[in-house]
Amino acid sequence: MQEKKSVNWRAWLVGILSALVLVVALQNSQEVSFEVLFASFNAPLIVVILLATAIGALIGYIAPLVRRHRREDRRQNP
């Protein structure tokens with residue numbers, strides 16, 4: 001009797017989304033101007049796309065850790 005291997009859907013999803021971001025970024029190499037707060041910058045659009053993706057991934061990674069930490073603190077200190 002063979003065991004069924006489970007499919008790691010999260011890894012597949014991350015791989016597909018990473019490939020999609022890479023394709024979109026590589027197709028958009030023109031220079032753009034953008035503003036952050038009161039500063040104005042010029043950069044290739046590929047840099048802006050990859051930077052925004054990295055910031056979003058970092059937020060998506062850190063936010064659940066912060067929520068878990070707060071939940072654990074509430075359980076320990078009622």
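What share of the contacts in the protein between residues at least 6 apart in sequence join residues at least 24 apart? In this predicted model, the share is 19%. Let's walk through the rest of the structure, beginning with the overall layout.

## Overall layout

The protein is built from 2 helices and 2 strands, and along the sequence these elements come in the order α-β-β-α. The radius of gyration is 19 Å, whereas the globule rule gives 12 Å for 78 residues, so the protein is more spread out than a compact globule.

The box that holds the C-alpha atoms, taken along the principal axes, is roughly 55 × 50 × 5 Å. As for burial, 5% of the 78 residues in the protein are buried.

## The largest pocket

If you look for the largest pocket, you will find a volume of about 300 Å³. Its lining is formed by R10, L13, V14, L17, S18, V21, T53 and A57. By type, these lining residues split into 5 nonpolar, 2 polar and 1 charged.

Where does the lining come from? Helices α1 (residues 9–26) and α2 (residues 45–76) each give at least two residues to the lining of this pocket. The largest share belongs to α1, with 6 residues.

## Strand β1 and the loop after it

Strand β1 covers residues 31–36, and E35 is one of its residues. E35 has a relative accessible area of 64%; exposed means over 50%, so E35 counts as exposed. A handy way to place E35 is by its distance to A57: the two are 22 residues apart along the chain, and their C-alpha atoms are separated by 21 Å. A57 is also among the residues that line the largest pocket.

Next comes L37, which sits in the loop between β1 and β2. The backbone of L37 is worth a look on your screen: L37 has a positive phi of about 55°, although it is not a glycine. Is L37 buried or exposed? With a relative accessible area of 75%, L37 is exposed, because the cut-off for that class is over 50%.

## Strand β2: N42

N42 belongs to strand β2, and strand β2 spans residues 39–44. The relative accessibility of N42 is 57%, so this residue counts as exposed by the over 50% cut-off.

Which residues does N42 contact, leaving aside its neighbours within four places in sequence? They are E31, V32 and S33. With S33 there is also a polar contact of 3.4 Å between the two side chains. For a longer view, take L26: N42 and L26 are 16 residues apart in sequence, and their C-alpha atoms lie 17 Å apart in space.

## Strand β2: P44

P44 is another residue of strand β2. P44 has a relative accessible area of 30%, which means that it is partly exposed, as this value lies between the 20% and 50% cut-offs.

Not counting residues up to four places away in sequence, P44 touches S29, Q30 and E31. E31 is also in contact with N42. V32 offers one more reference point for P44: the two are 12 residues apart in sequence, while the distance from C-alpha to C-alpha is 5.9 Å. V32, too, is among the contacts of N42.

## Bringing it together

Here is a short recap to keep beside the model. The chain follows the pattern α-β-β-α, and α1 and α2 each supply at least two residues to the lining of the largest pocket. Between β1 and β2 is the loop that holds L37. In strand β2, N42 shares a side-chain polar contact with S33, and P44 touches residues including S29 and Q30.

Note on methods. Residues numbered from 1 in each chain as written. Predicted model: local features only at pLDDT ≥ 70, side-chain atom pairs only at ≥ 80, totals over all residues. Heavy atoms only, no water. 1 Å grid on protein atoms, 1.4 Å probe; cavity = no way out; pocket = protein on both sides within 12 Å on 5 of 7 lines; lining within 4 Å. Points joined across faces, edges and corners; volume = space filled by probe spheres on them. Helix = DSSP H or I, 4+ residues; strand = E, 2+ residues; numbered from the N terminus. Nonpolar A, V, L, I, M, F, W, Y, C, P; charged D, E, K, R; others polar. Buried < 20%, exposed > 50% of the residue type's maximum accessible area, 1.4 Å probe, protein only. Contact = heavy atoms within 4.5 Å. Polar contact = N/O pair within 3.5 Å; in protein donor to acceptor, adjacent residues only side chain to side chain. Rg over C-alpha atoms; globule rule 2.2 N^0.38 Å.
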